[in-house]
Amino acid sequence: MRNLKFFFFVLILGICQAVFLDYFKIFNVKPDLLLISVIIVSLVLKPAWAVVLSLFAGIFKDTFASCSFINTFLFPLWSFFIIKLSSKLSFDELPIRMGLVFIVAIVHNIFCALIFICSGKIIPPGIILRIVIVGAFYTAIVFLLVSTELRISNGKICKLRFEPDARRDDEGVVNALR
Amino acid sequence: MFRFKIKKPIFFALIILLSLSLYLANPFFKTPFLSFLKLPLGLFSAIRREAGAIIFYHRNYVENEKLRQKLDELNNRLNAQTEVFLENKRLKDALGLKQKSAYRLATSLVIGRSLDSWSQALIIDKGSSHGIREGMTVINYLGMVGCVVEVLRFNSKVLLINDPNIAVSGLIQRSRQEGLVCGTLGKNLIMKYLPSEADIKIQDAVVTSGLNGLYPKGLLIGTVVGLGFEFSGLGRYALIKPIVNLNNIEEVLVILQ
């Protein structure tokens, strides 16, 4: 049931990104709600479900893309790395989570920019920098709003657990000393 | 730092393999995926339109008044031009020239847009069942919008003119200078391959040249807002402001014929 709720969470964020976000562009850049959903499900759900939902988010994004299918490949990869990182680092603090979102968004945008350049498209460097940097900042700020909204509805939708212990508990490995 | 057990590299390799196979199989997911999304996208875009009409009421009212005045002015000019058109028609008939037939258009609503800032695309609510084919030109009442790049049964994807994947053969209306108009993902387009002595000025109108047969001739693309020399110094480029507000398109027309 919880996994189904997060599936609808990813779906609704994707539809909102396709339909509403044009009104909220800053410097012609939109935040990446699907990337935010990938990071949230990677921090909250079990690894298998997190990767599956990340894959779904990647397919969703690539369906609307004009070229390349890089998101189908990258989103599960980010999910996997975040899962590995979250077992070593704690993402309890909001600034740390925002930092994670910013870094993932900037690396993702850099990958997309490199693919664009390597495919022969000519885009002014200023526009590339704007999309990479402003997009990452905007995504991190919107993550703050989305996670705050989820916390407000905490208990009504689900309980958000960002502690690595939660995943270890789910895997059946209890580390009482942590 | 990371201790890898024997299972983890296999898990990692399986994830990569699965992602790669899904990456390659992605085109087969698109049709059912977009068919599944058509209803929620249509519903959400209807909500957005209604909410926009309420929120932007005053702006729409002022714009409406301005458009009424402009409409009256254009009607007057149209009446004057009708005589010229009829005379032109008679003269062409007399010369035995083949008449250009009026376009057959399909109106469609925009139900979605590209999800990231690396592409500029629209999803419209008409597809192959409505006669739309890949490569058809998409316009609106002002000018050129883009072209159809993917067609499903009930949806189509339209690439906007400011997407870098699209290039249109353009013509300066005044001097008939040809060039290639490409998208830059920004608010302006760029017209490339202009000779250094090209007769081009700010405010010149740019239309499609119809040379390669992909796009009909004479569709208005935009106006020149800037000029410059290419890095090599051998040629010039022009910055073109699209005539259509590409960030705010609700409805488009697809040229069927």
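For these notes, two strands count as paired if DSSP finds at least two bridges between them. I need that before I can talk about a barrel. I'm also keeping in mind that this is a predicted model.

**Entry: the barrel in chain B**

I went round the sheet in chain B strand by strand. I found a closed barrel of six strands, in the order β6-β7-β8-β11-β10-β9, with antiparallel pairing. I then checked how neighbouring strands of this sheet sit against each other, and they are turned by 40° on average, direction ignored.

**Entry: β8 and the strands it pairs with**

I picked β8(B), residues 189-195, and looked up its pairings. With β11(B), residues 235-242, I get five bridges, and the two strands run antiparallel. On the β7(B) side, where the strand covers residues 178-182, β8(B) is held in an antiparallel pairing over three bridges.

Which residue stands opposite I190(B) in β11(B)? I find L239(B) there. I190(B) also has C182(B) standing opposite on the β7(B) side, so I can trace a line across three strands through this residue, from C182(B) to L239(B). Further along β8(B), I looked up L194(B), and the bridge partner in β11(B) is R236(B).

Next I followed the chain from β7(B) into β8(B). The hairpin has six residues between the strands. I checked the backbone there and noted that L185(B) takes a positive phi near 70°.

**Entry: chain A by itself**

Chain A looks like another kind of fold, so I counted its elements. I get seven helices and zero strands. Reading from the N terminus on, the run is simply α-α-α-α-α-α-α.

How much of chain A is buried? I get 42% of the 178 residues. I also went through the contacts between residues at least 6 apart in sequence, and 68% of them join residues at least 24 apart.

**Entry: where A meets B**

Last, I looked at the contact between the chains. I count 37 residues from chain A and 36 residues from chain B. On the chain A side, I listed the helices that each supply at least two residues, and they are α1 (2-19), α3 (47-63), α4 (70-86), α5 (94-118) and α6 (125-152). I sorted that side of chain A by class too, and it has 24 nonpolar, six polar and seven charged residues.

Conventions
Residues are numbered from 1 along each chain as its sequence is written. Chains are lettered from A and ligands numbered from 1 in the order in which they are written. This is a predicted model: local features need pLDDT of at least 70, side-chain atom pairs count only at pLDDT 80 or more; totals for chains, interfaces and linings use all residues. Helices (H or I, at least four residues) and strands (E, at least two) are DSSP runs, numbered from the N terminus. Axes are lines fitted to C-alpha atoms, for helices over the stretch in contact, and angles run from 0 to 180 degrees between N-to-C directions. Two residues are in contact if their C-beta atoms, placed from the backbone, lie within 7 Å. Ala, Val, Leu, Ile, Met, Phe, Trp, Tyr, Cys and Pro count as nonpolar, Asp, Glu, Lys and Arg as charged, and the others, Gly among them, as polar. A residue is buried if 20 or more other C-beta atoms lie within 10 Å of its own, exposed if 12 or fewer, and partly exposed in between; C-beta atoms are placed from the backbone.
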